[in-house]
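Hi everyone, thanks for having me. I'd like to walk you through one structure today, taking it piece by piece. Have a look at it first, and then we'll start.

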Amino acid sequence: TLQDRLAATFKNLRGKGRLTDADVDATAREIRIALLEADVNLSVVKEFVNAVKVKARNAEVSQALNPSQQIVKIVNEELTEILGGQTRNVRFSKQPPTVIMLAGLQGAGKTTLAGKLATWLKREGHTPLLVAADLQRPNAVKQLQVVGERAGVHVYAPQPGNGIGDPVQVARDSITEAERKLYDVVVVDTAGRLGIDAEMMQQAADIRAAVQPDEVLFVVDAMIGQDAVNTANAFQEGVGFDGVVLTKLDGDARGGAALSIRKVTGKPIMFASNGEKLEDFDVFHPDRMASRILGMGDVLTLIEQAERTFDAEQSAKAAAKLASSKGGKEFGLQDFLEQMKAVRKMGPLSKVFGMLPGMGQLKDQLENIDEKEIDRVEAIILSMTPSERADVTILNGSRRSRIAKGSGVTVSEVNNLVNRFVEARKMMASMAGGAMGGMPGMPGM
Ligand code: GDP
Ligand code: MG
């Protein structure tokens with residue numbers, strides 16, 4: 001996964017809080033692979049990664065994030081923006097009925113979507129009419145009728161016995177029907193083929209011309225992967241559309257089709273379909289799609305949390321103390337406590353570490369981090385006076401036993417903490433200004 005590969009990149013980053021060209025290039029390479037694995041079209045990937053590189057080089061250096069995290073954040077923001085640019089709701093006609101036409105390949109999920117849209121429209125206070133303008137397959141009309149019944153909406157279909165019927169005529173008649181019976185939204189279901197087909201395109205274009213839809217929605221299966229661009233282009237040319245609906249997002253597709261289609265056609269993705277049931281449907285959420293494409297929701301969550309809880313000033317002070325000439329001796333237990341609190345604000349420790357790339361191997365040990373142990377450490381430090389916290393060398397026997405009583409632990413637990421702290425500080429001081437720039441608040445741990 002991207003997470004694992006970034007872990008390797010992290011290792012090579014010196015983490016000085018500075019985005020060097022090498023950092024940007026190394027991370028950009030991983031992002032590029034991640035996007036390709038998510039089935040984003042190659043030329044779209046190239047263009048996108050280049051744009052991100054430019055942004056990353058011009059970005060202000062973040063104090064809360066290490067270089068890799070910062071680039072991931074930029075990528076995520078850029079993805080979200082592109083996916084969500086010009087997001088808009090259905091444009092309802094001032095003069096009802098509003099006409100929504102569905103177009104797309106066979107099996108994309110148009111008929112299912114018709115039912116979902118009807119359900120959604122009803123909830124929004126509309127009175128939708130579904131129109132069966134797919135007369136290609138024998139079963140298509142019946143399928144829409146079943147869907148309509150489930151959604152509790154009326155379905156306009158050609159009368160049986162009149163031969164195959166003309167889908168263009170059916171669509172045209174449905175508008176008159178809607179006007180007469182005061183349906184305020186008409187959803188026209190159309191036929192698709194398994195592949196792009198001139199006759200099918202022409203029929204869809206004819207229906208479009210006949211009913212002059214307010215919205216033509218291109219319905220596309222998210223699993224289609226690399227074919228998304230060709231299919232979208234063909235429909236753009238053959239029929240034209242105003243918005244995109246991505247279906248089958250409940251599958252394991254990473255959703256690269258979303259980015260490709262958005263980039264290539266410039267049309268907004270308006271809805272997302274994630275299941276066969278009527279309620280498996282939502283307006284499109286660009287941020288969710290971005291993290292799905294990147295395949296690293298956990299890392300993104302961690303980045304957000306790190307930024308939220310990061311106290312730049314405090315962390316800089318702690319780092320300065322550690323890096324000072326006295327070999328880190330200025331870094332006292334009070335600093336330790338604050339660092340620990342900063343980290344804890346991010347969530348349970350085992351989870352915080354678990355989300356860090358490269359920490360996968362440590363997972364078993366992390367499971368064993370005892371939060372109660374940390375509570376005990378906190379209690380011990382809080383039982384000390386400020387001068388004791390600042391300088392542990394003054395902790396003689398009587399002070400230690402007072403602290404033990406005050407925090408409800410044994411003297412040997414106090415000794416244990418002090419010894420571990422002194423050891424940890426030595427190690428942190430030797431790393432300060434070096435490899436530790438990564439996570440804020442981490443020196444304390
Ligand atoms: P159409 O040919 O474009 O009208 O596609 P259909 O609406 O008939 O859907 C084709 C198949 O995909 C059906 O079996 C649907 O139940 C299924 N389907 C549609 N949308 C979704 C979805 O979001 N998720 C899943 N898992 N299946 C879907
Ligand atoms: Mg259908």
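Let's begin with a pair of strands: β7 and strand β8, residues 281–283, are paired in the antiparallel sense, with three bridges between them. Within that pairing, Phe271 stands opposite Val283 in β8. Before I go further, please keep in mind that this is a predicted model.

Now, β7 has another partner. Strand β6, residues 243–247, runs parallel to β7, and three bridges join the two. Which residue of β7 is the bridge partner of Val245? It is Phe271, the residue we just met opposite Val283 in β8.

How does the chain get from β6 to β7? The route goes through helix α10, residues 256–265, and this β-α-β crossover is right-handed.

Is β7 mostly enclosed or mostly open? Strand β7 covers residues 269–273, and four of those five residues are buried, so the rest of the structure largely encloses this strand. Buried here means that a residue has 20 or more other C-beta atoms within 10 Å of its own.

The UniProt record, an unreviewed entry, places the annotation "domain: SRP54-type proteins GTP-binding" on residues 268–281. That span is 43% strand and 0% helix, and its end C-alpha atoms are 17 Å apart.

Let's step back to helix α10. Seven of its 10 residues are buried, so α10 too is largely enclosed by the rest of the structure. Among the buried ones are Gly256, Ala257, Leu259 and Ile261, and Arg262 is on the list as well. Just after the helix, Gly266 has a positive phi of about 75°.

Two of those helix residues lead us to our next stop. Gly225 touches Gly256 and Ala257, and Asp39 too, leaving aside residues up to four places away in sequence. Gly225 sits in the loop between β5, residues 215–221, and α9, residues 227–238. Why does Gly225 count as partly exposed? Because it has 18 C-beta neighbours inside 10 Å, and the buried class starts at 20. Gly225 and Arg254 are 29 residues apart along the chain, yet their C-alpha atoms are separated by 8.8 Å.

Last stop: ligand 1. There are 17 residues around it, and those that come nearest are Gly109, Lys110, Thr111, Thr112 and Ser273. Helix α5, residues 110–123, gives the largest share of this shell, with three residues. What classes make up the shell? There are 11 polar residues, five charged and one nonpolar.

That's my tour, thanks for listening!

Key. Residues numbered from 1 in each chain as written. Chains lettered and ligands numbered in written order. Predicted model: local features only at pLDDT ≥ 70, side-chain atom pairs only at ≥ 80, totals over all residues. Near = placed C-beta within 6 Å. Helix = DSSP H or I, 4+ residues; strand = E, 2+ residues; numbered from the N terminus. Nonpolar A, V, L, I, M, F, W, Y, C, P; charged D, E, K, R; others polar. Buried ≥ 20, exposed ≤ 12 C-beta atoms within 10 Å, placed from the backbone. Contact = placed C-beta atoms within 7 Å. Pairing = 2+ DSSP bridges. Right-handed = clockwise from strand over helix to strand, strands pointing away. UniProt positions renumbered as here; feature names shortened; annotations may be inferred.
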